[in-house]
Amino acid sequence: QEKRETYAKTEKNGRIGGDESRIHVFVRLRPMAKKEKEAGSRCCVKIVNKKDVYLTEFANENDYLRLKRLKGRHFSFDASFPDSTTQHEVYTTTTAELVEEVLQGRNGSVFCYGATGAGKTYTMLGTLENPGVMVLAIKDLFTSIRQRSFDGNHVVQLSYLEVYNESVRDLLSPGRPLVLREDKQGIVAAGITQYRAYSTDEVMALLQRGNQNRTTEPTRANETSSRSHAILQVVVEYRVKDASMNIFNRVGKLSLIDLAGSERALATDQRTLRSLEGANINRSLLALSSCINALVEGKKHIPYRNSKLTQLLKDSLGGACNTVMIANISPSNLSFGETQNTLHWAYRAKEIRTKTSDTNEEVIEISETGTDQAKLLLELQKEN
Ligand code: ADP
Ligand code: MG
């Protein structure tokens, strides 16, 4: 019964095209790891026609037709990336548009989620040779800004932070936990380093250094923590003067998020979520699940306040923003259960509708006299 319902939903969603106002959901399959091969694992995932994922416990098959005859599950997404997909293709398909829209003053966020080892950090940060979404997005942003430099002033500020055990830390300048405060731009971590960056290499170095500051679990000494969320926030502020000398201030924020490992913490229904509350499970990830459920169900009240992660992402989930989810999965049958959970959660997220509305653009002042204009211009020059 449950199975059929799921299947129907998939089909329905697969046919919704060109709807700009929902969360876009992608799946990325990583190559089989050496360790997995050595453990004798078989491949249980097959990506067909660029959108569909087939998951079957028995798939050791390259032959898609044979695979279909096996009992498997079919999921459809905005795009599904096979293990041969390059970092660049992933970036272009999932995030490039969001970067353009951030320049127009529309907030956006890109989440990577999936079990530990599924490829989240590789997708987000990548390596020096194969930089990931975070780095490619910033590179693209700088290129676009350079092309537009004739018509206004852009200021780009980066901050990189971690949520671990419900405490927020600055990854660019580690120290004591930061307090979250609400201000005009939404919830911000008070005192976080705002880094002004100018080149891509600089950003890669910065992020790699930041990642080394991520909390590692004492029990898994040489592994990046599976319970820490890393959030890169890029704020682009743009100021321009129109023909009648009004000054416009436009701010767009892009959040790129490498979530904690989702094992055991993904749930698509409220009952399971509630039963997990008591257990020692990542609270921020649970809260994110709850917010997604509430958004999917069109609830008025979205429980953003339940965790640090959801507070920080309040203005980047639902509402007037672009949201992209990238679900990372392993091909190995040893991860079958986790992969299944991840895929379930992923197309649950696809049902969130966000309302399309204006950008974060405001007239900050309408100057009437020449002296006022001069004063404003001076202020702008000072600030930039
Ligand atoms: P996670 O952050 O989800 O725990 P990682 O990104 O650290 O997982 O990936 C686990 C391992 O698999 C790493 O060694 C990483 O380099 C490798 N890996 C992940 N995705 C890919 C990919 N698409 N291509 C090549 N190697 C990958
Ligand atoms: Mg990781």
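This passage describes the nonpolar cores of a predicted model and the surroundings of its ligand. Residues are numbered from 1 along each chain as its sequence is written, and chains are lettered from A and ligands numbered from 1 in the order in which they are written. Local features need pLDDT of at least 70, side-chain atom pairs count only at pLDDT 80 or more, and totals for chains, interfaces and linings use all residues, while side-chain values use heavy atoms, with hydrogens and water left out.

Let us start inside the protein. The largest nonpolar core (buried Ala, Val, Leu, Ile, Met, Phe, Trp, Tyr and Cys residues joined through side-chain atoms within 4.5 Å; buried means under 20% relative accessible area, with a 1.4 Å probe and protein chains only) holds 46 residues, and Val53, Phe77, Leu288 and Met325 touch the most other members. Helix α10, residues 283-296 (a DSSP run of H or I, at least four residues, numbered from the N terminus), supplies the largest share of this core, seven residues. Separate from this core is another, of 41 residues, including Ala96 and Phe142.

Turning to ligand 1, its shell (residues with a heavy atom within 4 Å) includes Arg28, Arg30, Pro31 and Tyr122. Helix α6, residues 120-124, gives the most to this shell, with three residues. Polar contacts (pairs of N or O atoms within 3.5 Å) reach oxygen atoms of the ligand: a polar backbone atom of Gly117 is 2.6 Å from one, a polar side-chain atom of Lys120 lies 2.8 Å from one, and an N or O atom in the Thr121 side chain is also at 2.8 Å.

How values were computed:
Buried < 20%, exposed > 50% of the residue type's maximum accessible area, 1.4 Å probe, protein only. Helix = DSSP H or I, 4+ residues; strand = E, 2+ residues; numbered from the N terminus. Polar contact = N/O pair within 3.5 Å; in protein donor to acceptor, adjacent residues only side chain to side chain.
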